[in-house]
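The following note was prepared for a colleague at the bench. Its numbered points deal with charged pairs, enclosed spaces and backbone details.

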Amino acid sequence: MMPSSSLIPLLLAGSLIIHSTHAFSAPAPSNGIKIVGLPGGQIQILPGMYVQSFRRWIVDDDGNINNKGDYNEKSTSCASMQAEPIKGAGHFSNLPEDEGWVNPTTTTELWWPRDLSRLQIRPMMNVLFRSGSLSYVSVGLDVRVPHENENNGDGDVESWRNYGMNSQPIARQWTTLEIAMEKLFHMEGFIIYNENGDDSDDDQKHDTLFPSLNVQDVMQRVAIFSAELDSLSPLAEGFHIASFPMMENWTDLPSSTGSKNKEEGKDEDETEIIYKIVCMATSEPFANKLLDMDEDLLTMSATSVLEVEVSLTAKGGDSPYLTEPYKPLYLNK
């Protein structure tokens, strides 16, 4: 393994050049991706639909990716780590293994079908590869459905990442490798909600989703993974988002018990926003202080931001458009 001092030039080699209210009081204005932390305070934009065409990968170094439900056999590996693609992520309709899978990537929403009793998350470091070279980084969020398949006979729990549309969020604001290498750079996550169940900013509260996490160790793994890529790797061509776990343990998202729909007798097919998730990767010492910061100041801080509204949606199993890959999850078939 290379000494850590030699990893910094590797991380900073290669950069991608792609041709500004209150930050968290309203939904993000678009599904575009903003890149901050550039020299001279420049801001660059990647259109959301363009980013959705990027292939996405989960990188793990313990051989336990734990993604059986939507497992893709066409994984790639380096000397010490394995990268598994998320099925359906990216516009690769010509790949037969992606047939029937929808694109789960989202920058604004996280959907929770009402027939899924649990969703779990863990924080990630996302990096953008361009033709095998590191370009930008962001805070990430790994989402899965822990699902017990009753037909397998052994009680194993299969984990689904792609459980439908808007199931795998990415950050709306990314930052540079130089910012991510700063000693104070860390991640924090929050759940934002209104105590009275209305849309008033005055009643907005937040709880900690995950504690402050230092990113230096995961950046070492990013550098090693990048150094071990060869010209035959699928990541050596085109654009790819690779996600590196920040922690092994998963956290259950708060359930929807006591939602307004149940209290007011609303139609369960109606989409209902229950709270917002905000995750940040920043060099500012206290990320919770950034929750009250104006959008322009948040941009100037070169903070990476993932912000999605969590919404209850209609049952997946009731959908007339349910495709074959999702039937084992929603119909136990």
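1. In this predicted model, the count of salt bridges comes to eight. As background, side chains of opposite charge can pair when their charged atoms come close. Three of the pairs are described in the points below, with their places in the chain and their burial.

2. One of the salt bridges joins the side chains of R122 and D142, with an N to O distance of 3.1 Å. R122 belongs to strand β8 (residues 120-130) and D142 to strand β9 (residues 133-148), so that the pair links distant parts of the chain, 20 residues apart. R122 has a relative accessibility of 5% and therefore counts as buried, the limit being under 20%. D142 is buried as well, because its relative accessible area is 1%.

3. A second pair consists of R172 and E295, whose side chains meet in a salt bridge at 3.1 Å, N to O. R172 sits in the loop between β11 (168-169) and β12 (173-176), whereas E295 is in helix α6 (residues 295-300); the pair therefore ties together parts that are 123 residues apart in sequence. Are R172 and E295 buried or exposed? Both R172 and E295 are buried.

4. E307 and K276 form a further salt bridge, in which the closest N and O atoms are 3.1 Å apart. The two residues come from distant parts of the chain: E307 lies in strand β18 (residues 304-313) and K276 in strand β17 (residues 272-282), 31 residues apart. E307 counts as buried because its relative accessibility is 3%, and K276 counts as buried because its value is 9%. Salt bridges that share partners join K34, R172, K276, E295 and E307 into one network. The pairs of points 3 and 4 thus have their residues in that network.

5. Turning to the protein as a whole, its secondary structure comprises seven helices and 18 strands. Of its 333 residues, 52% are buried. The exposed area is about 15,300 Å², and carbon and sulfur atoms supply 49% of it.

6. Helix α4 (residues 216-228) permits a check on helix geometry. Its 13 residues should span 18 Å at 1.5 Å a residue, and the end C-alpha atoms are 19 Å apart, which agrees. The buried residues of α4 are V218, M219, V222, A223, I224, F225 and S226.

7. The largest cavity has a volume of about 50 Å³. Which residues line the largest cavity? The lining consists of I33, I35, L46, V51, F54, L128, Y136, W174 and I241. By class, these are nine nonpolar residues, with no polar and no charged residues.

8. The second largest cavity, at about 40 Å³, has a lining made of R56, I58, M124, N126, L141, D142, Q168, P169 and S243. At least two lining residues come from each of β3 (55-60), β8, β9 and β11. The lining divides into four nonpolar, three polar and two charged residues. D142, the partner of R122 in point 2, is among the lining residues of this cavity.

9. The second largest pocket holds about 390 Å³ of space. Its lining comprises 17 residues, and those nearest its centre are Y163, G164, M165, G316 and S319. How does the lining of the second largest pocket divide by class? Ten of the residues are nonpolar, six are polar and one is charged.

10. Two backbone conformations merit inspection in the displayed model. N166 has a positive phi of about 55 degrees, although it is not a glycine. N166 is located in the loop between β10 (157-160) and β11, and it is buried because its relative accessible area is 11%.

11. The second such residue is A302, which has a positive phi of about 60 degrees and likewise is not a glycine. A302 is placed in the loop between α6 and β18. With a relative accessible area of 7%, A302 is buried. The flanking elements also appear in the charged pairs above: α6 contains E295, and β18 contains E307.

Terms used
Residues numbered from 1 in each chain as written. Predicted model: local features only at pLDDT ≥ 70, side-chain atom pairs only at ≥ 80, totals over all residues. Heavy atoms only, no water. 1 Å grid on protein atoms, 1.4 Å probe; cavity = no way out; pocket = protein on both sides within 12 Å on 5 of 7 lines; lining within 4 Å. Points joined across faces, edges and corners; volume = space filled by probe spheres on them. Nonpolar A, V, L, I, M, F, W, Y, C, P; charged D, E, K, R; others polar. Helix = DSSP H or I, 4+ residues; strand = E, 2+ residues; numbered from the N terminus. Buried < 20%, exposed > 50% of the residue type's maximum accessible area, 1.4 Å probe, protein only. Areas by Shrake-Rupley, 256 points an atom, 1.4 Å probe, with all protein chains shown as cover. Expected span 1.5 Å × (residues − 1).
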